[in-house]
Amino acid sequence: MRSRYSAFAHGDADYLYRTWHPRTRPVDVTIDPGITWIGLNVIDTVAGGPDDDHGEVEFTAQFESAGRVGSLHERSRFERRAGRWLYLDAIAEDS
């Protein structure tokens, strides 16, 4: 989760593509250059340990866009495939 947040913050769309599960990733991954990511707070994790094949991370990520500060609250699901954790999908959380 933290590495994907860093990829968003640094504009690394290739990393996001490579860490997105092939079953759910879009054909093209782009990053909005008008958004500046300014903070990540991990709220909860479920599974995702060394012996797990699935995991979830609930987080809020703060951003700035067009002079306004906002936040994204989400529960992301991950799946281990060939030993690597891949982002599967997300469930939006009410803020």
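This passage describes the fold content, nonpolar cores, pockets and backbone features of a predicted model.

According to an unreviewed UniProt entry, the annotation "domain: YchJ-like middle NTF2-like" covers residues 1-90. Over this range, helix accounts for 17% of the chain and strand for 51%. The C-alpha atoms at the two ends of the range are 12 Å apart.

The largest nonpolar core comprises eight residues, namely Ala7, Ala13, Leu16, Trp20, Val29, Val57, Phe78 and Tyr87. One member of this core, Phe78, has contacts with Met1, Arg4, Asp53, His54, Gly55, Val57, Trp85, Leu86, Tyr87 and Leu88, when residues up to four places away in sequence are not counted. Two of these partners, Val57 and Tyr87, are listed in the largest core as well. A second core, separate from the largest, contains five residues, including Tyr5, Phe59, Ala61 and Phe63.

Pockets were examined next. The largest pocket holds about 250 Å³ of space. Its lining consists of 16 residues, and those closest to the centre are Met1, Gly48, Val57, Phe78 and Trp85. Val57 and Phe78 thus appear in the lining of the largest pocket and also in the largest nonpolar core. Helix α1 (2-10) and strands β1 (35-47) and β2 (54-65) each contribute at least two lining residues. Strand β1 provides the largest share, with four residues. By class, the lining is made up of eight nonpolar, five polar and three charged residues.

The second largest pocket has a volume of about 210 Å³. Its lining has 14 residues, and Arg4, Phe8, Phe59, Leu72 and Glu74 lie nearest the centre. Phe59 is also among the residues of the second core. At least two lining residues come from each of α1, β1, β2 and β3 (68-81). The greatest contribution to this lining is made by β3, which supplies four residues. Eleven of the lining residues are nonpolar, one is polar and two are charged.

Two alanine residues were noted for their backbone geometry. Ala47, although not a glycine, has a positive phi of about 55°; this residue lies in strand β1. A positive phi of about 55° is likewise found at Ala82, again not a glycine. Ala82 is located in the loop between β3 and β4 (84-92). With a relative accessibility of 82%, Ala82 is classed as exposed, because the cut-off for that class is over 50%.

Conventions:
Residues numbered from 1 in each chain as written. Predicted model: local features only at pLDDT ≥ 70, side-chain atom pairs only at ≥ 80, totals over all residues. Heavy atoms only, no water. Core = buried A, V, L, I, M, F, W, Y, C linked by side-chain atoms within 4.5 Å. Buried < 20%, exposed > 50% of the residue type's maximum accessible area, 1.4 Å probe, protein only. Contact = heavy atoms within 4.5 Å. UniProt positions renumbered as here; feature names shortened; annotations may be inferred. 1 Å grid on protein atoms, 1.4 Å probe; cavity = no way out; pocket = protein on both sides within 12 Å on 5 of 7 lines; lining within 4 Å. Points joined across faces, edges and corners; volume = space filled by probe spheres on them. Nonpolar A, V, L, I, M, F, W, Y, C, P; charged D, E, K, R; others polar.
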